[in-house]
Amino acid sequence: MTQLLRRKIANIFGQKTTNFMDGVHDDTDERIALNANSEPSSNHFEESNSRQLAMNVDPSIHLTSWREQITFRGVVIGASLGAVFCIVVHKLMLTAGLFPTFNTSAGLLSFVMLKGWSWVSGLMGLKGLALAPQETTVVQTFIIACCNLAFSGGFALQLGALSNSTWAIMNTPVPLSGDSVQETDEPIISKTIPLLLCVSIIGVFTVVFFRKLFIIDYQLPYPSGAATGVLINGFFTKKGEATAKRQMNMLVRWMSISFVWGFIKWLYSGKACSVCKTAGITCGGFAKFPTFGLQALKWSWNFDFAINLVGTGMICSHAVDWSIMLGAILSWGILWPVINSKRGIWYPEDTDQSSMQGLYGYKIFITLSIFMSDGLYSICKVLLLSILDMRKQMSLGSTLVSSVDNESGIGTIVGPGQHLSSVDEMDLLKGISSEESKVETFQEVKETEEEKQLRCQVFLADRFPWWLSVLGYLSLMLLGTIVIPLLYPKMKWYQVFTAYLLAVLLALPNTYGDGLTDWDMASMYGKLSIVLFAAWNGAEGGITSGLISCSIVLVATSTAAHLMQDFRTGYLTLSAPKAMFVSQVVGALMGVFLAPLTFQLFWSTGEVGQPDGPYPSPLAKMYRAMAVVGSQGLANTMPPHCGALSLLFFFITLALNIARDFSPAAYRKYLPVPMAIGIPFYLGAYLAVDMCIGSLVNLLWTWIDPLGQQQLSMAVAAGLLVGDGVWTIPASLLAMGNVRAPLCMGFADESLTA
């Protein structure tokens, strides 16, 4: 009866399905094909061959159809963890402006939650499906697709830059030339949800047609996706099961500690007592703890006990952490104090600290020059290397052994063991990946010839017709061209149409470059679109059109890169591509609603964007400054001597990038990462202190117990991040209920307390 129902459903949708569940097949199953366009006899041969290959690789492998990999418990867990990770991303972006890769953390938590679901079901006497790598991969994809919209949706970036609070801070007390209050729009649900609905999955349709070309033919490593696939596969080995139990215990322990610590910090964050109102008293609880003294605290040098940032430091590489510290020393230790000493010479003595014509303006534009220099260099480099690498593929075309029709995707299948990437280009890129992720090298995942054949067969079993990409993209383009101008009237329909075309042009090189370098350049492409569209509109609507175009380009390019990383994970875990595609689409649609809703937890406090508040949203000011520069030009926006200093740091960043890429490998690791240097220039030295503590924890742990650090550090970091994110929920509810912390902790000079 079940098989008859499955057959009828398959006939309705014009598809054929596969059933390898537990290796048990009846006569009907033998007729179910892997390739919808092949003859029955070849289908039977291919299916039998896949089963035989799976038995040869590992008798415990059970290949299931894509529908069986998407389960009810998987959707529930994916939505729940997606919401939690949205909160974590919002918190990091609103406080530190950071978005580290969460692929491995999401993979670990997916396994833990699925394991917990199975355990609870067993206690209740319910018999559920056996846990498998494919289901874990699907849940991980749900989570990443969902929380990615919390980043690329731009709540702390372009949409935050449009808010009235960001405009007020940048135009008080001295108005910024050309920055009108008419160019503001609050990130409310009635606008953000329709906007994200128009842009959330355009990246998916852009690159799904190229999955075979990038994963099978070109064998791009996609290091983060590969690391996640190896991690998930490891959970389902005997040794991996024991390690997974240790990771589960460690994650729960540190998640609980992080949650409790968040509550303790809140208890001492009161500001209503009379002492706090006394001049010269530094209040703010643990966040304003004068670790290095009160004078150092004035220049943001302190450990603020933000253990979510300590966890971020554990996730990032040592090169990134210590580059951030170098940036903090250069800016908050040298440059800003020197510029501040020019007060009354370079700019008026009575200039407000938050004025764009004072020290605040220098922070914005010098930091912006570092980001733009690094971004433009990186875009040119990745595009150039991608072109060179693709030319290398074409020059080796004579070695290809077979081709496929367009329904499988563009490209051809390479011979066994053949890798088409240029060695020289990959060597050049090795210096990048280790700083941008926990994946330290581009070594291929070791696999036998039988494993490779099995993975290729499973990966190519599902077909995506070419018209699916075209129809999906054109439908969303039409929807966006109609809806977005209604939401933001200053952006015209033809500008939206152009932004969609630009998005598809940039999504492909970004996805290819991400496969080579593990470096998602989406934010760089988003910044580029801000300047281009702001300049297009000029003084009338330029800021709004620039920032909204960023939403289209940023979401499209970021989603495309994440999808291909997830395809790489699915390739290694034998997950059906259709299951990966569906989970990416469903996860993104979840994010359309969950990302704006979870952002309201922060927005409703009324403290988003406030420089001295818990959620300063630092990058929102940066993005608005870019839009102002694009629409007005540099001359009317910079304070005195700021242009020369910005140009100096632009070329220093450029020179440092060139030095990193062309210096010998033995010396390259000692050169700092330019983008990481620029991060604390605006945010503050506290960020460097927090993240370097995380780096020191890893160093000491490696020295004491190298194996334990390798196995458990990611679980500890994930626990710190998730626990802090979960605490945000009750903290926001308390703020909405106007419940204030009962205790206050402030610090003052001894002369004031005598």
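Among contacts in the protein between residues at least 6 apart in sequence, what percentage join residues at least 24 apart? It's 81%. Keep in mind that you're looking at a predicted model.

**View 1. The whole protein, before we zoom in.** Start by scanning the 754 residues of the protein: buried ones make up 58% of them. The secondary structure comes to 32 helices and two strands. As for the outside, the protein exposes about 30,200 Å², and carbon and sulfur atoms supply 66% of that area.

**View 2. Inside the largest nonpolar core.** This core has 192 residues, and the ones that touch the most other members are Ile-484, Tyr-500 and Leu-687. Its largest share, 15 residues, comes from helix H24, which runs over residues 542-573. As a bit of background, nonpolar side chains tend to be buried together in soluble globular proteins.

**View 3. Who sits around Tyr-500?** Let's ignore the neighbours within four places in sequence and see what's left. Tyr-500 is then in contact with Cys-198, Val-199, Ile-202, Tyr-473, Leu-476, Met-477, Gly-480, Ile-484 and Ile-552. You've met one of these already: Ile-484 is listed together with Tyr-500 among the residues that touch the most other members of the core.

**View 4. Cysteines without a partner.** How many disulfides does the count come to? Zero. Take Cys-146: the nearest cysteine sulfur belongs to Cys-86 and is 3.9 Å away. A disulfide needs the two sulfur atoms within 2.5 Å, so this pair doesn't make the cut. Cys-146 has a relative accessible area of 0%, so it counts as buried. Now find Cys-380, which is exposed, with a relative accessible area of 53%.

**View 5. A nonpolar patch out on the surface.** Here Trp-119, Val-120, Leu-123, Met-124 and Leu-126 form a nonpolar patch on the surface. Together they have about 590 Å² of accessible area. Pick out Val-120, which is found in helix H6 (residues 103-123). Val-120 counts as partly exposed because its relative accessibility is 38%.

**View 6. Phe-263 and a residue from elsewhere in the chain.** Look for Phe-263 in helix H14, which covers residues 238-267. Is Phe-263 buried, partly exposed or exposed? Its relative accessibility is 37%, so Phe-263 counts as partly exposed. Now find Asp-724, which lies 461 residues from Phe-263 along the chain. In space, the C-alpha atoms of Phe-263 and Asp-724 are separated by 9.3 Å.

Definitions and conventions:
Residues are numbered from 1 along each chain as its sequence is written. This is a predicted model: local features need pLDDT of at least 70, side-chain atom pairs count only at pLDDT 80 or more; totals for chains, interfaces and linings use all residues. Side-chain values use heavy atoms; hydrogens and water are left out. Helices (H or I, at least four residues) and strands (E, at least two) are DSSP runs, numbered from the N terminus. Buried means under 20% relative accessible area, exposed over 50%, partly exposed in between (1.4 Å probe, protein chains only). Patches are made of residues with over 30% relative accessible area and no salt bridge: like charges are joined within 9 Å, nonpolar side chains (Val, Leu, Ile, Met, Phe, Trp, Tyr) within 5 Å. Accessible areas come from the Shrake-Rupley method with a 1.4 Å probe; for residues, only the protein chains shown count as cover. A salt bridge is a side-chain nitrogen of Lys or Arg within 4 Å of a carboxyl oxygen of Asp or Glu. A nonpolar core is a set of buried Ala, Val, Leu, Ile, Met, Phe, Trp, Tyr and Cys residues joined through side-chain atoms within 4.5 Å. Contact means heavy atoms within 4.5 Å.
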